[in-house]
Amino acid sequence: MTNSNSPLRIGVFYDGNFLLHASNYYNYFHSQRRRLSIGGLQEYIKKRVAEEEDYDPRRCHIVESHYFRGRINAAEASQRGNQLYNDRVFEDILMAEGISTHYLPLRNFSGRKEERGIDVWLSLEVFEFAITHRIDVAVLIVSDTDYAPLLRKLTSLGTRVMLLSWEFDYTNDDGVKVVTKTSHELLQLATYPIPMHDEIEDGLEDHDPDITALFVDSEARDEEPGHNDKPRERSEILSIKNGFGFVKYPNNNLYFHMQDVIGDFFELAPGDPVEFVIAKNQQKQDVAKSVRKLTD
């Protein structure tokens, strides 16, 4: 497509569970040890659509952006440490980027929590925007073959589809090999299939700023508001897990999340001296905030 005076309207639609798998991979198992940045991803999408459509980037606008995911109820989340707080922090990030959230409750099936209906809801939303001609390009961050009918319908309507795909595998902490792939059928149906795993590896090797911006800046964590006037305690790290840890403290050791660390969470190790402030989580439990490693 050639440049036009009309703006190019982009709709972005996230399968939250798929995005989480990709983000966890880069955060815990990839050498980056950083999560994907929602803001960086949105900016990358605008530039990549402009490139594929041969459009002036200044005339490309994300007019719709939607995030879909199944989630546990509040009672269950309150029993999982800082789960409610972490969910709220992520929702704040989505809201700051202008992304609308859509949730369905996770259901119990054969003793497992599963999300049902999210793919249908996402498909209906995309189809509505396409059939009412409110978007020109639909950008999908999905992986399941269940979305194939949606891509066929979008193509018949003349809506171009950009598919951000990931393929990777790793061995988790339990020694189980985890494999994530995007449906081959979706890749064939998409107007612009983008293999993000290759894009990221090549971009990191070339120090491409657009690829670097796809990850959160682990060094850009300032003191949290309201913590500067609190007394700072000193102790040492008791244990480190995937994305959280505990600080030694009398009576009850203190939980902290990786987002509560000033500096690089992955530089912390058991026995490291740290300073921190004590705050209350949503369950009125004491937790450590603004955790900073002490150096000589």
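# Chatting through salt bridges, helices and loops

Biologist: Let's start with Glu43. What is its relative accessible area?

Modeller: Glu43 has a relative accessible area of 36%, so it counts as partly exposed. Keep in mind that this is a predicted model.

Biologist: Noted! Which residue forms a salt bridge with Glu43?

Modeller: That would be Lys46, and the closest N and O atoms of the pair are 3.5 Å apart. Lys46 is partly exposed as well, because its relative accessible area is 26%.

Biologist: Where do Lys46 and Glu43 sit relative to each other?

Modeller: They are both in helix α2, which covers residues 38-53, and they are three residues apart, so about one helical turn separates them. In general, an α-helix has 3.6 residues a turn, so residues three or four places apart point the same way.

Biologist: Nice. Which residue forms a salt bridge with Lys47?

Modeller: Lys47 pairs with Asp210, with the closest N and O atoms 2.9 Å apart. This pair links distant parts of the chain: Lys47 belongs to helix α2 and Asp210 to helix α9 (residues 209-212), with their positions 163 residues apart in the sequence.

Biologist: And how accessible is each of the two, Asp210 and Lys47?

Modeller: Asp210 is at 31% relative accessibility, so it counts as partly exposed. Lys47 falls in that class too, because it is at 38%.

Biologist: How many salt bridges are there in the whole structure?

Modeller: A search turns up 17 of them. One more to look at is Lys280 with Asp286, where the closest N and O atoms are 2.9 Å apart. There is also a network in which salt bridges that share partners join Arg48, Glu52 and Glu199.

Biologist: Back to Lys280 for a second: why does it count as exposed?

Modeller: Because its relative accessibility is 53%, and exposed means over 50%. Asp286, at 40%, counts as partly exposed.

Biologist: Switching to the surface. Which residues form the negative patch?

Modeller: The patch is made of Glu167, Asp198, Glu201, Asp202, Glu205 and Asp206. Take Asp202 as an example: you'll find it in helix α8, residues 196-205. At 47% relative accessibility, Asp202 counts as partly exposed.

Biologist: What about helix α1, is it mostly covered or mostly open?

Modeller: Mostly covered, with 10 of its 14 residues buried. Among the buried ones are Phe18, Leu19, Tyr25, Tyr26 and Tyr28.

Biologist: How far apart are the end C-alpha atoms of helix α1?

Modeller: They are 19 Å apart. At 1.5 Å a residue, the 14 residues of α1 (residues 16-29) should span 20 Å, so the two values agree.

Biologist: On to backbone angles. What is the phi of Asp54?

Modeller: Near 55°, which is a positive value in a residue other than glycine. Asp54 lies in the loop between α2 and β2 (60-71), and it counts as partly exposed because its relative accessibility is 43%.

Biologist: And what is the phi of His207?

Modeller: About 55°, so again positive, although His207 is not a glycine either. His207 is located in the loop between α8 and α9. With a relative accessible area of 66%, His207 is exposed.

Biologist: Another loop residue, then: is Met258 buried or exposed?

Modeller: Met258 is buried, given a relative accessible area of 5%. The loop that holds Met258 runs between β13 (254-257) and β14 (261-262). The C-alpha atom of Met258 is 9.6 Å from that of Lys241, and the two are 17 residues apart along the chain.

Biologist: Where is Ala96 found?

Modeller: In helix α4, residues 83-96. Ala96 is at 65% relative accessibility and therefore counts as exposed. From Ala96 to Gly39, the C-alpha separation is 8.8 Å, with their positions 57 residues apart along the chain.

Biologist: Last one: how far apart in space are Phe168 and Phe13?

Modeller: They are 21 Å apart, C-alpha to C-alpha, and 155 residues apart in sequence. Phe168 is in strand β8, residues 168-171, and at 7% relative accessibility Phe168 counts as buried.

Terms used
Residues are numbered from 1 along each chain as its sequence is written. This is a predicted model: local features need pLDDT of at least 70, side-chain atom pairs count only at pLDDT 80 or more; totals for chains, interfaces and linings use all residues. Side-chain values use heavy atoms; hydrogens and water are left out. Patches are made of residues with over 30% relative accessible area and no salt bridge: like charges are joined within 9 Å, nonpolar side chains (Val, Leu, Ile, Met, Phe, Trp, Tyr) within 5 Å. Accessible areas come from the Shrake-Rupley method with a 1.4 Å probe; for residues, only the protein chains shown count as cover. A salt bridge is a side-chain nitrogen of Lys or Arg within 4 Å of a carboxyl oxygen of Asp or Glu. Lys and Arg count as positive and Asp and Glu as negative; His and the chain ends are not counted. The place of a charge is taken as NZ of Lys, CZ of Arg, CG of Asp or CD of Glu. Helices (H or I, at least four residues) and strands (E, at least two) are DSSP runs, numbered from the N terminus. Buried means under 20% relative accessible area, exposed over 50%, partly exposed in between (1.4 Å probe, protein chains only). The expected span of a helix is 1.5 Å times one less than its number of residues.
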